[in-house]
Each structure stands twice: as structure tokens, then as C-alpha cells.
Amino acid sequence: MLWFQGAIPTAIATAKRSGAVFVVFVAGDDEQSTQMAASWEDEKVTEASSNSFVAIKIDTKRFCICIFRDSMH
């Protein structure tokens with residue numbers, strides 16, 4: 001999968017503008033996340049989705065830290 005490198009609002013706007021499917025993958029440390037990550041990284045999946053998906057990957061550890069940090073302000 002070609003992961004979108006910009007901000008989440010920009011990814012959403014890009015998907016809307018291009019008529020692409022917006023995909024959010026929330027990656028954790030568990031076995032299911034590991035298996036799903038391997039599927040998304042498969043060359044055939046990347047090739048098939050390159051023109052029709054805008055995808056972001058969120059790491060659960062990093063995301064939770066950001067939420068906690070932001071709630072402190």
C-alpha cells in the first residue's frame with residue numbers, strides 16, 4: 001500500500017477530490033495487525049490499489065500518546 005504522507009485532513013480532501021476510497025489502517029502490536037500489515041504491504045495489493053485508494057496508517061501507540069498529550073493542554 002502506498003501510505004499517504006500528509007496530514008489526515010489533507011488525505012480526506014485528496015480522497016474526496018479524486019473520488020478515491022479513503023482507507024484507515026490502525027496498526028497495533030497484536031497478531032491480527034501484523035497479518036493485516038503484511039497483506040497491505042503485498043506488492044499485488046499495492047499495485048491494485050495505487051490509483052483508487054488514499055490510505056493512512058495509524059500506529060496505536062503513537063496515536064494514543066498524541067491524544068493524551070493533546071488532552072493535557
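**Architecture and packing of the predicted chain**

A salt bridge joins the side chains of Lys57 and Glu41, with an N to O distance of 3.9 Å. Because Lys57 lies in strand E2 and Glu41 in helix H2 (residues 31-41), this pair ties together parts that are 16 residues apart in sequence. The count of salt bridges in the chain comes to one. The model is a predicted one, and the values reported here are computed from it. Both partners of the bridge are partly exposed: the relative accessibility is 42% for Lys57 and 43% for Glu41.

The overall organisation of the chain was examined next. The secondary structure consists of four helices and two strands, which follow one another along the sequence in the pattern α-β-α-α-β-α. Of the 73 residues in the chain, 23% are buried. Among contacts with a separation of 6 or more, 74% are accounted for by residues 24 or more positions apart. The accessible surface amounts to about 5500 Å², and carbon and sulfur atoms hold 59% of this area.

The interior contains more than one group of nonpolar residues. In soluble globular proteins, nonpolar side chains tend to be buried together. The largest nonpolar core in the chain is formed by seven residues, namely Met1, Trp3, Val23, Phe25, Ala27, Trp40 and Ala55. Strand E1 (residues 21-27) supplies the largest share of this core, with three residues. Apart from this core lies another, made of six residues that include Ala11, Ala20, Val54 and Ile56.

Two members of the largest core illustrate its packing. Ala55, found in strand E2, has a relative accessibility of 1% and therefore counts as buried. When residues up to four places away in sequence are not counted, Ala55 touches Met1, Leu2, Trp3, Phe4 and Val23. Val23 is 32 residues from Ala55 in sequence, yet the two C-alpha atoms are 4.5 Å apart in space. Trp40, with neighbours within four places in sequence left aside, is in contact with Met1, Trp3, Val23, Phe25, Val45 and Thr46.

The contact between Trp40 and Thr46 leads to helix H3 (residues 43-49), in which Thr46 is found. Thr46 has a relative accessibility of 18%, which is under the 20% limit, so this residue counts as buried. Beyond its neighbours within four places in sequence, Thr46 is in contact with Met1, Leu2, Trp40 and Glu41. Glu41 thus appears both among the contacts of Thr46 and in the salt bridge with Lys57.

Lys57 likewise has contacts besides the one with Glu41. With neighbours within four places in sequence left aside, Lys57 is in contact with Trp3, Phe25, Ala27 and Glu41. Lys57 and Phe25 are separated by 32 residues in sequence and by 4.7 Å in space, C-alpha to C-alpha. Trp3, Phe25 and Ala27 also belong to the largest nonpolar core.

Helix H1 (8-18) was considered with respect to its two sides. The buried residues of H1 are Ala11, Thr14 and Ala15. These residues lie on the same side of H1, because they cover an arc of only 95° around the axis. The cover over the buried residues of H1 includes E1 and strand E2 (53-59). The other side of H1 carries the exposed residues Pro9, Lys16 and Arg17. Just after H1, Gly19 adopts a positive phi of about 70°.

Nonpolar residues also occur at the surface. Ile8, Ile12, Phe22, Val24 and Val26 make a nonpolar surface patch of about 370 Å². The elements that give two or more residues to this patch are H1 and E1, and E1 gives the most, with three residues. Ile12, which is placed in helix H1, has a relative accessible area of 33% and is therefore partly exposed. Strand E1 accordingly contributes three residues to the largest core and three residues to the nonpolar patch.

Terms used
Residues are numbered from 1 along each chain as its sequence is written. This is a predicted model: local features need pLDDT of at least 70, side-chain atom pairs count only at pLDDT 80 or more; totals for chains, interfaces and linings use all residues. Side-chain values use heavy atoms; hydrogens and water are left out. Buried means under 20% relative accessible area, exposed over 50%, partly exposed in between (1.4 Å probe, protein chains only). Contact means heavy atoms within 4.5 Å. Accessible areas come from the Shrake-Rupley method with a 1.4 Å probe; for residues, only the protein chains shown count as cover. A nonpolar core is a set of buried Ala, Val, Leu, Ile, Met, Phe, Trp, Tyr and Cys residues joined through side-chain atoms within 4.5 Å. Patches are made of residues with over 30% relative accessible area and no salt bridge: like charges are joined within 9 Å, nonpolar side chains (Val, Leu, Ile, Met, Phe, Trp, Tyr) within 5 Å. A salt bridge is a side-chain nitrogen of Lys or Arg within 4 Å of a carboxyl oxygen of Asp or Glu. The arc is that of the directions from the helix axis to the C-beta atoms.
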